[in-house]
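Visitor: Could you take me in for a close look at one exposed spot on the surface, and then follow the chain from there? I'd like to see how you decide what counts as exposed.

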Amino acid sequence: PRGLKIAAGADLAILDLSAPGEMRARMYQKWRNQLNKAERSPLRVTHEALDLDQHRWFLDAESTQQKSRRYKSYPTGVLLAYAATNPGEARMFIAMLDQTPVAGLLILKHGLMATYQAGETSPLGRQQCAHNLLLWRAMRDLQDQGCLQLDLGRTDLSPGLKRFKMSSGARIEQLAGSFLSHS
């Protein structure tokens, strides 16, 4: 690309949802084993439209996580505005152990694609591999709705996050960045 670079490029993890029979086969063995463990656990998964009153625990935990891990994401107000403007397209997937949420995952659906917006897992949720189960359920639900891809977000910021995303069966797509040019 030519011109003045105004935004850096990024590496994104993209999950292909077009072939449901292959989604699980693309997972790394360890990731699939963790998913199997979660499926055998007493975890119960629910999913519903994002709602401030019901999901404040998740939104507060995500905000705290952003501060502790030093990253930025959309403010809660933007997420709630998206949910209000696009009814049913901002979905919370929640892993429950008894009556307690131990993990949550927020997905924003847009056309034939969806974006993994935020995730939060408690220590008990990590023991049960709850996040693997939530991502798998989101993948299946999105595929059932006709989505072709799930954008898991950037992989160039954290080796651990990159490993988790790649292990789920995602491929890396490199974005060149944004450039300003004149003609």
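Guide: Let's start at L4, which counts as exposed because its relative accessibility is 56%; the label needs over 50%, while buried means under 20% and partly exposed is what falls in between, with a 1.4 Å probe and protein chains only. Before we wander on, remember that this is a predicted model, where local features need pLDDT of at least 70, side-chain atom pairs count only at pLDDT 80 or more, and totals for chains, interfaces and linings use all residues. Residues are numbered from 1 along each chain as its sequence is written, and side-chain values use heavy atoms, with hydrogens and water left out.

So where does L4 sit? You'll find L4 in strand 1, which covers residues 4-7 (strands are DSSP runs of E with at least two residues, helices are runs of H or I with at least four, and both are numbered from the N terminus). L4 has company, too: together with I6 and L180, L4 makes a nonpolar surface patch of about 330 Å². To join such a patch, a residue needs over 30% relative accessible area and no salt bridge, and nonpolar side chains must be within 5 Å (like charges, within 9 Å). A salt bridge would be a Lys or Arg side-chain nitrogen within 4 Å of an Asp or Glu carboxyl oxygen. The areas are Shrake-Rupley values with a 1.4 Å probe, and for residues only the protein chains shown count as cover.

Now hop over to the loop between strand 4 (90-97) and strand 5 (100-110), where Q99 is placed. Q99 is exposed because its relative accessible area is 67%. Follow the chain from Q99 to R44 and you cover 55 residues, yet their C-alpha atoms are separated by 9.4 Å.

D98 is in the loop between strand 4 and strand 5 as well. With a relative accessible area of 65%, D98 is exposed. Check its backbone while you're there: phi of D98 is near 60°, a positive value in a residue other than glycine.

For a last stop, try C129, a residue other than glycine whose phi is positive and near 60°. C129 belongs to the loop between helix 5 and helix 6. Is C129 buried or exposed? C129 is buried, because its relative accessible area comes to 9%.
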